[in-house]
Number of protein chains: 2
Amino acid sequence: MANGVLSAGSRLPPEDQLVERYAVSRTTIRTAIQSLSARGLVEIRRGKGTFVTQPAITQELTELTGFVEDMQALGREPSARVLDRRLVAASETVARQLSLPRGAPVARIQRVRLADGIPLSFDETYLPQELGEKIMTDDLENQPIFSLLEQKYATPLIEAEYRLAAVASHGTVARALGMEAGSPIFLIERTSFSAHRRPVDYERLYYRGDHIRFVTRLARRAPLGARALG
Amino acid sequence: MANGVLSAGSRLPPEDQLVERYAVSRTTIRTAIQSLSARGLVEIRRGKGTFVTQPAITQELTELTGFVEDMQALGREPSARVLDRRLVAASETVARQLSLPRGAPVARIQRVRLADGIPLSFDETYLPQELGEKIMTDDLENQPIFSLLEQKYATPLIEAEYRLAAVASHGTVARALGMEAGSPIFLIERTSFSAHRRPVDYERLYYRGDHIRFVTRLARRAPLGARALG
C-alpha cells in the first residue's frame with residue numbers, strides 16, 4: 001500500500017480479504033492500517049472503508065530551493081539514489097539553456113529523489129563541463145548539488161527560470177519512479193543562474209503527479225490608473 | 001492536423017500518403033504543411049519528416065490574470081463555451097475555499113476556454129451565492145468573470161492562491177476537451193481574494209497538458225548572512 005500500487009482516492013480491500021491475501025491475523029491488518037492512517041497515507045471513513053489519501057506533499061513554489069531544502073521545510077527525510085553520472089554531448093535544448101554550443105560536453109546526473117523513503121521525483125541535472133566534472137566526483141547521494149555549487153565551488157545561485165508542464169510518464173522516468181507508463185508527471189524544467197546571469201545548472205525534475213502539489217500566491221496587477229499614479 | 005488529433009511530437013504521414021488520403025495534389029499538401037510550419041504548428045526536420053510541434057502556448061505565471069487577459073497577452077483569440085451554470089451545494093473543498101459552511105448554495109459555472117478556436121481548458125468556477133446569482137445571468141461567452149467582478153460588481157481582485165498539479169483527465173473534463181481519458185491535465189486550483197482577504201472566486205482550471213506550459217522566475221533566498229545585514 002505504501003509502495004504506490006494503489007492510487008490516491010482508491011479504497012483498500014475489506015479486512016477479510018486483506019487477512020486472506022496476506023495470510024496474517026486481523027490484528028496485524030488493523031495495526032498496519034492504523035499505522036498508515038497515523039502517517040496520513042490512508043483515511044478511515046466510518047462505514048465506508050479505508051481510502052488512500054490524496055498526496056500529503058504540498059510544496060511552496062515561491063523561491064529557488066533544492067529538493068533537500070524543500071523536504072526539510074516539510075519535515076520529511078530526503079534521500080537520493082544516483083542512477084547515472086556521465087559526460088554527454090549537449091542536445092539543442094541543453095545547449096540553449098546553458099548558453100553552450102550544441103554538442104558541447106556537459107555533465108549529466110540522473111537521480112531518484114525520495115521523501116521518507118518513497119520515490120518522489122526523477123531528476124536529470126545538466127552542468128557545464130568544468131563544474132560538472134568536479135561535481136560528478138562528489139557524494140551525490142548525500143550532498144545537494146545546490147550546496148556543492150554554493151559552498152564548495154563558490155558559485156552562488158541568484159535566481160532560476162521555471163517551466164512547468166503536465167506530461168505522461170515514459171520509459172526511464174516511469175521505471176525509476178515505479179509508475180505505469182502514461183501516468184501523470186509534474187515536470188519542472190529549471191535553469192539556475194549565478195552572478196552575471198550565467199546559467200550553471202539545467203534540470204528536468206519529473207515529479208510523480210499523484211504525490212505532489214505546488215502552491216504559490218500571485219498578486220493582481222494594479223489597475224492602469226493606480227499604476228499611472230504609482 | 002490543426003484539430004489536435006495528432007499529439008505533440010508525432011510525425012505526419014509521408015507526403016505520398018497524405019496525397020492519397022485527402023485526394024489532393026502534392027502541391028496542395030506542401031502548401032498546407034508550409035502554412036502549418038509558418039504558424040509553428042509543425043516542424044519540418046530535413047531528412048526525418050514533419051513533426052507536430054510542442055505546444056506553442058507558454059504562459060507566464062507571475063501575476064493574477066484571467067484567461068482572456070492571458071490569451072490577449074499571447075496574441076491569441078480567446079473564446080468560451082458555457083456548458084453549465086447553476087446553484088449547487090458547496091462541497092467540503094468549495095466551502096473551505098470560499099469560507100462558507102459546507103452545503104451552502106454557491107454558483108457553479110462550467111466553461112470550455114478556447115485559444116484560436118482550439119479547446120485549451122475546462123474551467124469550473126465557484127462563486128458565493130450573492131455574486132454568483134448575478135454573474136450567472138451575464139454573457140459568460142464574451143465577458144470575463146474577472147472583468148465582471150472588478151468592473152460591474154465593484155469587487156476588486158487583490159491576489160490569489162494557486163495550487164498546481166498534474167492529474168489524469170477523466171469523464172467530464174476529458175469529454176469537454178476532446179482528450180482520451182487518462183491524458184495528462186495541468187490542474188490549477190485558484191482562490192481569488194478581494195479586499196480584506198475575502199475569497200470571492202474559487203476555480204478549477206483543467207488545462208490540456210499537451211497544449212500548455214507555464215513559466216515563472218524565482219529568486220534564491222538571500223543567504224542568512226546577507227539577510228541579517230539587509
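This note comments on the arrangement of the two chains, the domains of chain A, the nonpolar core and one buried glutamine in a predicted model.

1. Relation of the copies. Chain B is superposed on chain A, with an RMSD of 0.5 Å, by a rotation of 179 degrees combined with 0.1 Å of shift along the axis. The two copies are therefore related as by a two-fold rotation axis. The same surface serves both copies, in that 100% of the contact residues of chain B recur in chain A.

2. Domains of chain A. The chain is divided into domain 1, which covers 15–52, and domain 2, which covers 57–215. Between the C-alpha centres of domain 1 of chain A and domain 2 of chain A there is a separation of 36 Å.

3. The largest nonpolar core. This core holds 65 residues, and those that touch the most other members are A:Leu164, A:Phe186, B:Leu164 and B:Phe186. Leaving aside neighbours within four places in sequence, B:Phe186 is in contact with A:Leu164, A:Ala165, A:Ala166 and A:Phe186 of chain A, and, in chain B, with residues including B:Leu164, B:Ala165, B:Leu205, B:Tyr206 and B:Phe214.

4. A:Gln97. This residue has its place in helix α4 of chain A, which comprises residues 92–97. A:Gln97 counts as buried because its relative accessible area is 14%, and the cut-off for buried is under 20%. Not counting residues up to four places away in sequence, A:Gln97 touches A:Arg163, A:Thr191, A:Pro199 and A:Tyr202. From A:Ser10, by contrast, A:Gln97 is 87 residues apart in sequence and, C-alpha to C-alpha, 40 Å apart in space.

How values were computed:
Residues numbered from 1 in each chain as written. Chains lettered and ligands numbered in written order. Predicted model: local features only at pLDDT ≥ 70, side-chain atom pairs only at ≥ 80, totals over all residues. Heavy atoms only, no water. Core = buried A, V, L, I, M, F, W, Y, C linked by side-chain atoms within 4.5 Å. Buried < 20%, exposed > 50% of the residue type's maximum accessible area, 1.4 Å probe, protein only. Contact = heavy atoms within 4.5 Å. Least-squares fit on C-alpha atoms with pLDDT ≥ 70 in both. Domains from an automatic or database assignment. Helix = DSSP H or I, 4+ residues; strand = E, 2+ residues; numbered from the N terminus.
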